[in-house]
Amino acid sequence: MAGESISAKRWLPLEANPDVMNQFLWGLGVPPDEAECYEVYGLDEELLEMVPKPVLAVLFLYPITSLTEEERIKEDSKLKDPATGVYFMKQTVGNACGTVGLLHAVGNMSSVIKLVEGSYLDNFFKTTKNMDPLERAVYLENDREMEVAHSVAASGGETEARDDVDNHFICYTCVNGQLYELDGRRSGPVSHGSSSPDSLLQDAAKVIKKMFEQNPNSLNFSVMAISKRA
């Protein structure tokens, strides 16, 4: 969960563990009967079909390498106008990418799920709605309540939490018929072409497969889906 950070502040990284993510989300204001995080066991079609539908967002953990950095810089140079209607924020806190990924996911689900009124997430999105991406990041950086919640979640995983990791969470979601990659280290949302709520998981899997191909010797990949509960 490494990454560029404007702030000197660093949090412990979140584990790519659906149980950890669910407790984190549910505790912050996503009702358990509204959405749940599931592990994606592979990118083959039959394994993707095992994931409960509809999928609202995909969280992807990958290792930062020289190749992924080159690709990020190249894609950032192509970004022009900000994407309309996409909730996006920068990341200024080291190792906060898991939380930023979850905020990107929930921030773009507002038309599909109903947050607990008065909950942390309900207040967070109402407060940051009209902020720009960097203002949202600074607001999060100074938010003690989220810092504590993140710390509790980071301590709840199955592996020892360390702050010297080199992996990074990003989020994929569908907004206005487009598949967007949301990464707080980028200058803005990256569009990967047409998508729909029905094909979001498969469309994100195609993009993720390219990342696998760039790093064939690495095993530090993890994919999770946040699905709407029936």
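Biologist: Which exposed residues sit on the face of helix 3 turned away from its buried side?
Modeller: This is a predicted model, where local features need pLDDT of at least 70, side-chain atom pairs count only at pLDDT 80 or more, and totals for chains, interfaces and linings use all residues. Residues are numbered from 1 along each chain as its sequence is written, and side-chain values use heavy atoms, without hydrogens or water. Exposed means over 50% relative accessible area, buried under 20% (1.4 Å probe, protein chains only). The face turned away from the buried side carries Ser 66, Glu 70 and Ile 73.

Biologist: How wide an arc do the buried residues of helix 3 cover?
Modeller: Helix 3 (a DSSP run of H or I, at least four residues, numbered from the N terminus) spans residues 66-76. Its buried residues are Thr 68, Glu 69, Arg 72, Glu 75 and Asp 76. They lie on the same side of helix 3, because their arc around the axis (directions to the C-beta atoms) is only 135°.

Biologist: What do the buried residues of helix 3 pack against?
Modeller: Contact means heavy atoms within 4.5 Å, and strands are DSSP runs of E, at least two residues. Three strands and a helix are involved. The partners are strand 2 (55-63), strand 4 (178-182), strand 5 (190-194) and helix 8 (200-214).

Biologist: Which helix gives the most to the lining of the largest cavity?
Modeller: A cavity is a set of 1 Å grid points, over the protein atoms alone, where a 1.4 Å probe fits but cannot get out; lining residues have an atom within 4 Å of a point. The lining includes Thr 68, Glu 71 and Arg 72. With three residues, the top contributor is helix 3.

Definitions and conventions: On a 1 Å grid over the protein atoms alone, a cavity is a set of points where a 1.4 Å probe fits but cannot get out, and a pocket is an open set with protein on both sides within 12 Å along at least five of seven lines; lining residues have an atom within 4 Å of a point.
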